[in-house]
Amino acid sequence: MTPPIAPLQNPEIRIKDPLLEPIVEKVRAGVRITETEGLQLYETNDIWTLCSLADEVRRKWHGDIAYYNINRHINYSNVCALSCKFCDFYRKKDQEGAYEYSIEDIKKEAQGAKESGATEIHIVGGLHPWLPFSYYTDLIRAIREIAPDIHIKAFTAVEIVHLAKISKRGRDGNAGISSVIHDLIDAGLGSLPGGGAEVFDDRVHDEAFRGKIRGQQWMDVHRAAHELGLNSNATMLYGHIESRVERLRHMSLLREEQDRANEDSIEGKFQAIIPLPFIPGVSELSHLPGPGGLENLRTIAIVRLMLDNVPHVKAFWIMQTIQMAQHMLQCGADDIDGTVVWYDITKVSSSSTHQECTVKDLERAIIDAGFTPVERDTLYRKVQRNGTDWSVLD
Ligand code: SF4
């Protein structure tokens, strides 16, 4: 017998799983969903209702716009004091493949970014045990000097805590963190990326990335950045040893922090949430399969529905693939990130680390998915462009 189909509130959505009806009603009424309801969304077979609902919410925020940007990544060094189990990127000093960029190398990268018309340089690296704090401020200043208009988004919360330690401010707690971020802003830092969040759970932390900062410290760094007026993003690395319940807790904690920032009228905010699928590679967790396509779609849709106070959900094409990012645009995502070029973090073991999409490729992917492509800068302002010359519209 065919199961009954619930009465249609929106002809676009045919609710096949009656358990989802109250959730659909809540979301449409603008009522926040709970972690328990998030779990129901993870467990339902009615993926179409889930994705259609996330699409409704995404369209309320952004209509049919889908964002991309023209950016360049600089992974200044893969030498890292830590050895996170899921990480395929880090090397120990003197290990084959270990590298670090000189300031001259950074200048060349900045020149290349400028000549290509990039609006953003995204910088992250390992926790290098010996580079002094001045390396990081010099790095930012060097880019500023060569490309003063390019937005510098740099250093995960994990790196910021490392910088506090190496600049002897590690014992000053949040004051030390604020002081480090202040120095970086002074050098030209424009915002913080969202990396290093992984999954905010002590069990997962102790098993998969012991030694890295815990969730609370990650949040403290982002709060300090927000209080100093910087916007930031937040990631969630999923599909390894964490459970769906732990993912939902991660989403709730981010939602609560954004509420707090709004209530306290703090200038900086989380701009975008970026779910990142675990890619086994040759990491210590390479025996795990990583998340499948449907899990990726579910996760992006649930992130859109849970994080009702964060404007953007990014389908990071370089880890999701362009094809999956297209699907994700129809399931809650509104941004597919940028042209990138040389993204080492997840591709170090492959034959090439050259990861690049042309603007034409990105725009075509967005149009094929049924949306209107809009180039944005790091702060989600629209970009007006004439070749490599650009300006922001608002
Ligand atoms: S994830 Fe980051 S901190 Fe952990 S080993 Fe890799 S580079 Fe180091």
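The paragraphs below walk through a predicted model, going from its domains to the contact between them, then to the ligand and the salt bridges.

A good place to begin is the division of the chain, for the domain assignment gives domain 1, which covers residues 1-63, and domain 2, which covers residues 66-392. The C-alpha centres of domain 1 and domain 2 are 30 Å apart, and the contact is made by 24 residues from domain 1 together with 32 residues from domain 2. Between them the two domains bury about 2,400 Å², and 63% of this area lies on carbon and sulfur atoms.

The polar side of this interface can be followed next. Across the interface of domain 1 and domain 2 there are 14 residue pairs in polar contact, counting pairs in which both residues have pLDDT 80 or more. On the side of domain 1 that touches domain 2, the elements that give two or more residues are helix H2, residues 35-43, and helix H3, residues 47-62. The largest share of that side comes from H3, which gives 11 residues, and, sorted by class, the side of domain 1 that touches domain 2 has 12 nonpolar, six polar and six charged residues.

Side chains of opposite charge can pair when their charged atoms come close. Three salt bridges are counted between domain 1 and domain 2. In a salt bridge between arginine 249 and glutamate 35, the side chains meet at 2.5 Å, taken from N to O.

The ligand offers another place to look, and the residues that surround the ligand are Cys80, Leu82, Cys84, Phe86, Cys87, Phe89, Tyr90, Gly126 and Lys212. By class, this shell has seven nonpolar residues, one polar residue and one charged residue.

Finally, the view can widen to the structure as a whole, which holds 27 salt bridges. A salt bridge also joins the side chains of glutamate 207 and arginine 203, with a distance of 3.2 Å from N to O. Both glutamate 207 and arginine 203 belong to helix H8, residues 202-208, where they stand four residues apart, which is about one turn of the helix.

Conventions
Residues numbered from 1 in each chain as written. Predicted model: local features only at pLDDT ≥ 70, side-chain atom pairs only at ≥ 80, totals over all residues. Heavy atoms only, no water. Domains from an automatic or database assignment. Contact = heavy atoms within 4.5 Å. Buried area = accessible area lost by both parts, 1.4 Å probe. Salt bridge = Lys/Arg side-chain N within 4 Å of Asp/Glu carboxyl O. Polar contact = N/O pair within 3.5 Å; in protein donor to acceptor, adjacent residues only side chain to side chain. Nonpolar A, V, L, I, M, F, W, Y, C, P; charged D, E, K, R; others polar. Near = heavy atom within 4 Å.
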